[in-house]
Amino acid sequence: MGNLLGSWRFKEPSTVEECDSTWGSDSESDEPAGEDDSGISDSVSPAESDRAAGDASPQLTESPQSAPRMKRSFYAARDLYKYRHSYPNYRKSRQPNEYRNLRFYLNKIPLVPDGIYIEEILTKWRGDYDKLEHNHTYIQWLFPLREQGLNFYANELTQEEIKEFQTTREAKRRFLAAYSLMLDFYGIKLLDKSGNVARAPNCQERFQHLNESQHNYLRITRILKSLGELGYEAFKAPLVRLFLEEALCRNTLPNMQHSALEYYVYTIRLPATRRRLLRYARQHYRPAHAFLWGPPPKRRGGGVGGSIGAGSSGIRAPAPTPERQRREEESTTATSASSGIIVSSHDAMMCQELAGGGLKGCAGLGSNMAGLEGALLMVAARADRNEYNDMVPL
């Protein structure tokens, strides 16, 4: 029996729908207004109302037929499914647990390879935006995960280390200081110990930079995941809500729209909180017909699945099997932009990181579209042999 249990593996999802339980037990009207305790609200400000009523951007004139095809990323959905479910097929390292992340936060060891201690980062790097932008080794130490990042000197968190971290006051104090440091870098201020956030005085300059410096979107995904691992799950929703408002309502972060909806929302473990954020996003997303993250349309028989569109003959093709659907998605994901399929900036940045050296042998791919296709194909191949880290987080 022991051998049987030791060899048991969790059956991993093979489609986006299997990865996403957000709407699984939900109908559009089954939640009272006060059900969620995330601290976010669906209320619409006057500025948002004006935008919804008066926005005459070219996107609004696009028809569903003329708009480029866009679809959910299976790799993003599966990565975040595994994160939310605590990596069900995670294999415990055989190396001794040295608690290096905790010791770093206790200022006992420096980060590697730069040899910098946490106190120096917290006291001397705040406001040094060039250093925070161009140094790529500190983020894995400031926001550790149970995944390997691009800095292979940084150690993955373990469950034992997480428990110890959450009971160590000094480490938690410095972790919140590091979170505040990065929020300031992005033009945001931490308001209280409940995780509420707001625009900082320097937000205009920093949002402009963030909109153009899209490798930071990978960093934000990592920060959100790390918050959840180290006991600050409640801090995620206020930050994601602010990013959705800036991207969809105020138009200060338009390049972040897809990353916020495809990644940031799905780092949140509570389905009710994800639903509330997605309802808010759907209210402001343009063009409205292109919103991909709402509840699945209901079949006539009461089930959930694809709906019959206007002008349809009413004859429904057989539903693809999960394996067939997965293969079709992998094939579509690897298609170039010439086919009309959108690759999000978040996914493109991930592939460029891989092409630039994140995977051995990818250095020749470059940053052009051919390189992007190659990196996407390598991610697909890599997914078949990796235990749990299908995306390389930054």
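The legends below describe several close-up views of a predicted model.

**Figure 1. Overview of the predicted protein model, with its secondary structure and accessible surface.** The protein contains 18 helices and two strands, and among its 394 residues the buried ones make up 50%. Of the contacts in the protein with a separation of 6 or more, 73% are accounted for by residues 24 or more positions apart. The protein exposes about 19,100 Å², of which carbon and sulfur atoms supply 51%. Salt bridges number 16 in the structure, while the count of disulfides comes to zero.

**Figure 2. The salt bridge between Arg199 and Glu246.** The closest N and O atoms of Arg199 and Glu246 are 2.8 Å apart, and the pair links distant parts of the chain, with Arg199 placed in strand 2 (residues 197-199) and Glu246 in helix 13 (residues 236-249), 47 residues apart. The two partners fall into separate accessibility classes: Arg199 counts as partly exposed because its relative accessibility is 31%, whereas Glu246 counts as buried because its value is 2%, the cut-off for buried being under 20%.

**Figure 3. Salt bridges of Glu245 with Arg241 and Arg250.** Within helix 13, Arg241 and Glu245 lie four residues apart, about one turn of the helix, and they form a salt bridge in which the closest N and O atoms are 3.2 Å apart. In an α-helix, residues three or four places apart point the same way because there are 3.6 residues a turn. Both members of this pair are buried, Arg241 at 13% relative accessibility and Glu245 at 16%. The side chain of Glu245 also meets that of Arg250 in a salt bridge, with an N to O distance of 3.1 Å, and Arg250 counts as partly exposed at 40% relative accessibility. Through salt bridges that share partners, Arg199, Arg241, Glu245, Glu246 and Arg250 are joined into one network.

**Figure 4. Helix 14 (residues 257-264) and its enclosure by the rest of the structure.** Helix 14 is largely enclosed by the rest of the structure, because eight of its eight residues are buried. The buried residues in helix 14 are Gln257, His258, Ser259, Ala260, Leu261, Glu262, Tyr263 and Tyr264, a list in which charged and polar side chains such as those of Glu262 and Gln257 stand beside nonpolar ones such as that of Leu261.

**Figure 5. Surroundings of Glu262 in helix 14.** Glu262 is buried, with a relative accessible area of 2%, and its side chain makes a polar contact of 3.0 Å with the side chain of Arg72. A further polar contact, of 2.6 Å, joins the side chains of Glu262 and Trp293. When residues up to four places away in sequence are not counted, Glu262 touches Arg72, Ser73, Ala76, Leu80 and Trp293. One of these, Ala76, has its place in helix 4 (residues 74-84) and is buried, with a relative accessible area of 0%. The C-alpha atom of Ala76 is separated by 8.8 Å from that of Val16, although the two residues are 60 residues apart along the chain.

**Figure 6. The largest nonpolar core and the contacts of Tyr264.** The largest nonpolar core has 73 residues, of which Leu142, Phe243, Leu244 and Tyr264 touch the most other members. Helix 13 gives the most to this core, with nine residues. Leaving aside neighbours within four places in sequence, Tyr264 is in contact with Tyr217, Ile220, Thr221, Leu224, Val240, Phe243, Met256 and Ser259, and Phe243 is itself among the residues that touch the most other members of the core.

**Figure 7. A separate nonpolar core that includes Val16 and Cys19.** Apart from the largest core lies another of six residues, among them Val16, Cys19, Ala77 and Tyr81. Cys19 is buried, with a relative accessible area of 1%, and another cysteine, Cys249, also counts as buried, at 8% relative accessibility. A disulfide is a covalent bond between the sulfur atoms of two cysteines, and the structure has zero of them.

Note on methods: Residues are numbered from 1 along each chain as its sequence is written. This is a predicted model: local features need pLDDT of at least 70, side-chain atom pairs count only at pLDDT 80 or more; totals for chains, interfaces and linings use all residues. Side-chain values use heavy atoms; hydrogens and water are left out. A salt bridge is a side-chain nitrogen of Lys or Arg within 4 Å of a carboxyl oxygen of Asp or Glu. Buried means under 20% relative accessible area, exposed over 50%, partly exposed in between (1.4 Å probe, protein chains only). A disulfide is a pair of cysteine sulfur atoms within 2.5 Å. Contact means heavy atoms within 4.5 Å. Accessible areas come from the Shrake-Rupley method with a 1.4 Å probe; for residues, only the protein chains shown count as cover. A polar contact is a pair of N or O atoms within 3.5 Å; within protein, one must be able to donate a hydrogen and the other to accept it, and residues adjacent in sequence count only if both atoms are side-chain atoms. A nonpolar core is a set of buried Ala, Val, Leu, Ile, Met, Phe, Trp, Tyr and Cys residues joined through side-chain atoms within 4.5 Å.
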